[in-house]
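Okay, thanks for coming, everyone. Let me put the structure up on the screen and then we'll walk through it together.

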Amino acid sequence: MMSEINSSSGRARRLTRMATFSWRVCAGLLCAATLWAQVAPPPEALSRARDLVIAGKPEQAAAIYQELVRKFPNHPGLRVDLCVAQYKAGRYKDSAEEAKAALKLRPKLPAANLFLGASYLQLGEFASAIPPLQKALAEQPADRNARLALAEALSGARRYEEAAEQFQRLAEIIPDNPRVWYGLGQCYEKLSEQTNGQSEHYRELARQAYNRLEQLPRSPEMYIHAAELREKNSEWVEAATQWREALALEPHDERARAGLAWALFRARDYASALEVIAEMRKDGIDSAVLNFLTGGCWLNLQQPEKSIPYLEKAIAADSGFLPAKAALGQALLQTGKAREAIPLLRAALSADDDGTIHFQLYRAYAMAGEAGAAKQALSDYEEFKKGPSQASTVSGGPYR
């Protein structure tokens, strides 16, 4: 159950090395070059900002563009330039806002739609990323960057057949791009899990895609795939090593950072997991899963008071997030709020895979002075333990 949450969480998608193909960099520079030629504001300021972007200093470039936007607020080209700089600086929420502002000034602007979709993609908001990327591709059907982003957004939204179609087209256009083969392998793997008669067929296609990935030069995707294989065998320390290798090639890959945080969490290296999460938050990344991980780390570090606000945020963002409810129930129980813990633990019972939640519910009833309910909860726990159960995917219960 926890692995399903991990695979569907918030995670932004993968990036390629500069040596192969990076649509983020290429698209950013190409869009900016086109727009700079049309800009009326001071050419020296635009030239300085352009040079900073090329030099890998997008934060400084963004400051210049922000000043220009304040002076020329109705200029869509400047808005897109600022959007690109914010995107390359890893400020995806700010990038999305600037893209939307540009589209208000000039609807159907391909560059704005591309970076709006790309920003949503990096934030893990896959469903939101799809419409602007479809618009960008409709305006420029030959734009491989928009097609790749759309394929990844469709995959993230679990629309695997549509995603596979886009990845297949990309495999013909850019056959040396590791993101294409990794994405294609992921789609076929998911389709093999969803189908019966064709499952073996899709597994073979996934194997072929991953084999092609392994034949390419080193890439984040190569290590991401290796990390995921380790995770299937619950080799969390080894998986963390692979995630770190991916990040060594692409330090701001949100998928790799999220994967590393999960692997460290499951390896019980909670302090290191919190460090990774803190770096993600600095870049504006936030989600129900990230808040659950934060709360879970503090809970397992025996600091339930610190865990409660994060777990409450996780549930507020996703009311059906049962592991977060179970964790919050335990945190409340540990802080003496047994009566508040009861409804949360009851709601999470269906997510119990080793009896932990059933036992915590018994304790909550007992601490709340509800003897009858406690007796029944203890009986339910004992019956649960007699039946077939699977070991928890995380040692010590569904949130440890």
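Let's start with a quick one: which helix is the place of Glu162? It's helix 10, which covers residues 160-173. Before going further, please keep in mind that this is a predicted model.

So, staying with Glu162 for a second. Its relative accessibility is 35%, so Glu162 counts as partly exposed, given that buried means under 20% and exposed means over 50%. From Glu162 you can hop over to Ala151: the two are 11 residues apart in sequence, and their C-alpha atoms are 7.7 Å apart in space.

Ala151 belongs to helix 9, residues 144-156. Is Ala151 buried or exposed? Buried, with a relative accessible area of 0%. And what does Ala151 touch, if we leave out residues up to four places away in sequence? The answer is Ala163, Gln166, Phe167 and Leu170. For Leu170 we also have a C-alpha separation: 9.1 Å from Ala151, with their positions 19 residues apart along the chain.

Also in helix 9 is Arg144. At 36% relative accessibility, Arg144 is partly exposed. Its C-alpha atom is 10.0 Å from that of Gln166, and those two residues are 22 apart along the chain. Remember that Gln166 was also one of the residues touched by Ala151.

Okay, let me zoom out for a moment. What's the secondary structure here? The protein has 22 helices and zero strands. There are 400 residues, and buried residues make up 55% of them. If you take the contacts with a separation of 6 or more, 56% are between residues 24 or more positions apart. As for the surface, the accessible area comes to about 17500 Å², and carbon and sulfur atoms account for 49% of that.

Now for a helix pair. People describe two packed helices by the angle between their axes and the distance between the axes. Here I want you to look at helix 13, residues 220-232, and helix 14, residues 236-249. Their axes come within 8 Å and cross at roughly 170°. Angles over 145 degrees count as roughly antiparallel, so that's how helix 13 runs relative to helix 14. Which residues make the contact? On helix 13 they include Tyr223, Ile224, Glu228 and Arg230, and on helix 14 they include Trp236, Gln242, Trp243 and Leu249. By class, the contact between helix 13 and helix 14 has 10 nonpolar, one polar and five charged residues.

Between those two helices there's a loop, and Ser234 lies in it. What's the sign of phi at Ser234, positive or negative? Positive, about 60°, although Ser234 is not a glycine. Most residues other than glycine have a negative phi, for context. Ser234 is partly exposed, with a relative accessible area of 44%.

There's another one like that to look at: Lys108, also not a glycine, has a positive phi near 70°. Where is Lys108 found? In the loop between helix 6 (92-105) and helix 7 (110-122). Lys108 is exposed, and its relative accessible area is 60%.

Last stop, and it takes us back to helix 13. Glu228, which is part of the helix 13 side of that helix pair, also has a side-chain partner: a polar contact of 3.3 Å joins the side chains of Gln186 and Glu228. Gln186 sits in helix 11, residues 178-194. Is Gln186 buried or exposed? Its relative accessibility is 14%, so it falls under the 20% cut-off and counts as buried. Leaving out residues up to four places away in sequence, Gln186 touches Tyr210 and Glu228.

That's my tour. Happy to rotate the model if anyone wants another look.

How values were computed:
Residues are numbered from 1 along each chain as its sequence is written. This is a predicted model: local features need pLDDT of at least 70, side-chain atom pairs count only at pLDDT 80 or more; totals for chains, interfaces and linings use all residues. Side-chain values use heavy atoms; hydrogens and water are left out. Helices (H or I, at least four residues) and strands (E, at least two) are DSSP runs, numbered from the N terminus. Buried means under 20% relative accessible area, exposed over 50%, partly exposed in between (1.4 Å probe, protein chains only). Contact means heavy atoms within 4.5 Å. Accessible areas come from the Shrake-Rupley method with a 1.4 Å probe; for residues, only the protein chains shown count as cover. Axes are lines fitted to C-alpha atoms, for helices over the stretch in contact, and angles run from 0 to 180 degrees between N-to-C directions. Angles under 35 degrees count as roughly parallel, over 145 as roughly antiparallel, 65 to 115 as roughly perpendicular and the rest as oblique. Ala, Val, Leu, Ile, Met, Phe, Trp, Tyr, Cys and Pro count as nonpolar, Asp, Glu, Lys and Arg as charged, and the others, Gly among them, as polar. A polar contact is a pair of N or O atoms within 3.5 Å; within protein, one must be able to donate a hydrogen and the other to accept it, and residues adjacent in sequence count only if both atoms are side-chain atoms.
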